[in-house]
Amino acid sequence: MRILDFRSDTVTRPSPEMRAAMAAAEVGDDVLDRDPLMDELQCRVADLLGKEAGIWTPTGCMANLIALMLHLRPGDRFLAPAQAHVLGSELGTGAWLAGGMPEALPWEGGPGRITPMQVWRAAGNPGPYDALRTTLLCLENTHHFAGGACLTAAEHHALVEQAQAKGLKVHLDGARLWHAAAALGASLEALAWGADTVSVCLSKGLGAPMGSVLCGTRDTVAQARRVRKMLGGGVGQGGVVAAAGLVALDYLPRLPEDHAKARRLAKGLRAMGFTVPEPQTNILLVPVPDAPAAVSILEEAKVRVLPVGGALRFITHRDLSGADIAAALARIQPITDRLVTTWEGSRPMV
Ligand SMILES: Cc1ncc(COP(=O)(O)O)c(C=O)c1O
């Protein structure tokens, strides 16, 4: 029985077309001077986001870190919605490498969402010389740990305007901005409006084996190139991975299919008695009494998920078909009781 892997949308394998494009890639040397496919990919993504330029990075974490290193100085504070990836899932690099003091803003605007009033309050006013200065707002769309919740273009616009009015820079972690655009029927450009830097991932849901692009002004991207080198993120024959990124962009029109799969899964699980919020995109958080124990039970049934807080995280993606969703539900049905009743209590961390 094949394992149905819902752990992440990063588990997808390069498609045959992608592998063929990688094998045939025309390459230069992106560290010495330029690589033609890297340039093409960076321009394509920057155009999609309505920004002047872009720079490829191997990971989303590196793209976010470069942005934070460009925007922050020691003694600065940055704001982000609670549970943002830059706060809790990047090993605190925003603080210890970029030198910013993080401040998590509670979700007063709905799941994963903050309000302009919160930004206004948290930005405060310049204090005495020994006070932290709030200089940056980090947004995340979709918000991963809020179950892929989307910020609408209007919400994004209002937050950016408020940040700008308070003199803050804005970085948007748009690892899954594509998913928000697909779910909202909004343009990527509208969802990236006004942000000084935006990072997007080609490896999440779109099928590339690796790669993100950080976009901003030409000048910002020139500085980002230096920081990427400092972090060891320059690659020579980058065309091989840029070719994968270009093919990955072809999947954008199909993202609604993955969102539909998540909704189907949610509906099926609800019918079995689970409490499941309606997913806006491809991430589904299913609360259970003991998530680590439930993960092991599901693993026996060859359904692979991750525990996130008190929930099971299912992420749908291109390598899981509609039939796979039906198969997953069929495998879960007979073990539902165990999933909703098992409580093994505290266990040692491994
Ligand atoms: C919202 C968000 N930002 C950034 C990242 C980091 O991306 P990477 O794993 O490519 O470093 C992730 C990864 O899941 C993410 O969900």
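Two strands count as paired when DSSP finds at least two bridges between them. Keep that rule in mind as you go through these close-up views of a predicted model.

**Figure 1. The three-stranded sheet is open, with its strands in the order β9-β12-β11.** Pairing here is antiparallel. Strand β9 joins β12 through five bridges; one place to look is Leu284, whose bridge partner in β12 is Phe314. On the other side, three bridges connect β11 with β12, which covers residues 311-315. There, Leu306 has Arg313 of β12 as its bridge partner.

**Figure 2. Why do β9 and β11 each have one side without a neighbour in the sheet?** β9 (283-287) and β11 (306-308) stand at the edges and each has a single partner strand, so one side of each is left without a neighbour in the sheet. From one strand to the next, the twist averages 40°. Being at an edge does not leave β9 bare: four of its five residues are buried, and the strand is mostly covered.

**Figure 3. Seven strands build an open sheet of mixed pairing.** Reading across, you meet them in the order β2-β8-β7-β6-β5-β3-β4. β2 (53-57) and β4 (100-105) take the edge positions with a single partner strand each, so each has one side with no neighbour in the sheet. Neighbouring strands are turned by 20° against each other on average, direction ignored. As a reminder, strands of a sheet pair through backbone hydrogen bonds, either parallel or antiparallel.

**Figure 4. Both senses of pairing can be found in the seven-stranded sheet, whose pairing is mixed.** For a parallel example, follow β3 (residues 76-81) beside β4, where the two pair over six bridges. Phe78 stands opposite Pro102 of β4 in this stretch. For antiparallel examples, move to β8: five bridges join this strand to β2, and four bridges link β8 with β7. Thr57 faces Ser212 of β8, while Val200 has Val213 of β8 as its bridge partner.

**Figure 5. Strand β8 is mostly covered, with five of its five residues buried.** Which residues point one way from β8, and which the other? Ser212, Leu214 and Gly216 point one way, Val213 and Cys215 point the other way, and all are buried. Helix α2 (residues 36-49) lies across β2, β7 (197-201) and β8 (212-216). The helix runs at about 125° to β2.

**Figure 6. Helix α11 (residues 239-249) is largely enclosed by the rest of the structure.** Why is that said of α11? Ten of its eleven residues are buried, so the rest of the structure largely encloses this helix. Among the buried ones you can pick out Gly239, Val241, Ala244, Leu246 and Val247. The cover over the buried residues of α11 includes α1, α2 and β2.

**Figure 7. A shell of residues lies around the ligand, including Thr59, His85, Glu140, Asp173 and Ser212.** Others to find here include Gly60, Cys61, Asn64, His144 and Cys201. Which helix gives the most to this shell? Helix α3 (residues 60-71) does, with three residues. Sorted by class, the shell has seven polar, three nonpolar and two charged residues. Ser212 may look familiar, since it is also one of the buried residues of β8.

**Figure 8. Two residues early in the chain, Arg2 and Thr12, have distant partners in sequence.** Arg2 lies in the segment before β1 (4-5). Is Arg2 buried or exposed? With 7 other C-beta atoms within 10 Å, Arg2 is exposed, as exposed residues have 12 or fewer such atoms. Asp324 is 322 residues away from Arg2 in sequence, yet their C-alpha atoms are 9.7 Å apart in space. Thr12 sits in the loop between β1 and α1 (16-23). Thr12 has 22 other C-beta atoms within 10 Å and is buried, since 20 or more is the cut-off for that label. Leaving aside residues up to four places away in sequence, Thr12 touches Gly207, His317, Arg318 and Asp319. Between the C-alpha atoms of Thr12 and Leu320 there are 8.8 Å, although 308 residues separate them along the chain.

**Figure 9. The protein chain is assigned two domains, domain 1 (16-249) and domain 2 (254-341).** Their centres, taken over C-alpha atoms, are 28 Å apart. Where the domains meet, 15 residues of domain 1 are in contact with 15 residues of domain 2. The domain 1 side of this contact has seven nonpolar, seven polar and one charged residues.

How values were computed
Residues numbered from 1 in each chain as written. Predicted model: local features only at pLDDT ≥ 70, side-chain atom pairs only at ≥ 80, totals over all residues. Domains from an automatic or database assignment. Contact = placed C-beta atoms within 7 Å. Nonpolar A, V, L, I, M, F, W, Y, C, P; charged D, E, K, R; others polar. Axes fitted to C-alpha atoms, helices over the stretch in contact; angles between N-to-C directions. Near = placed C-beta within 6 Å.
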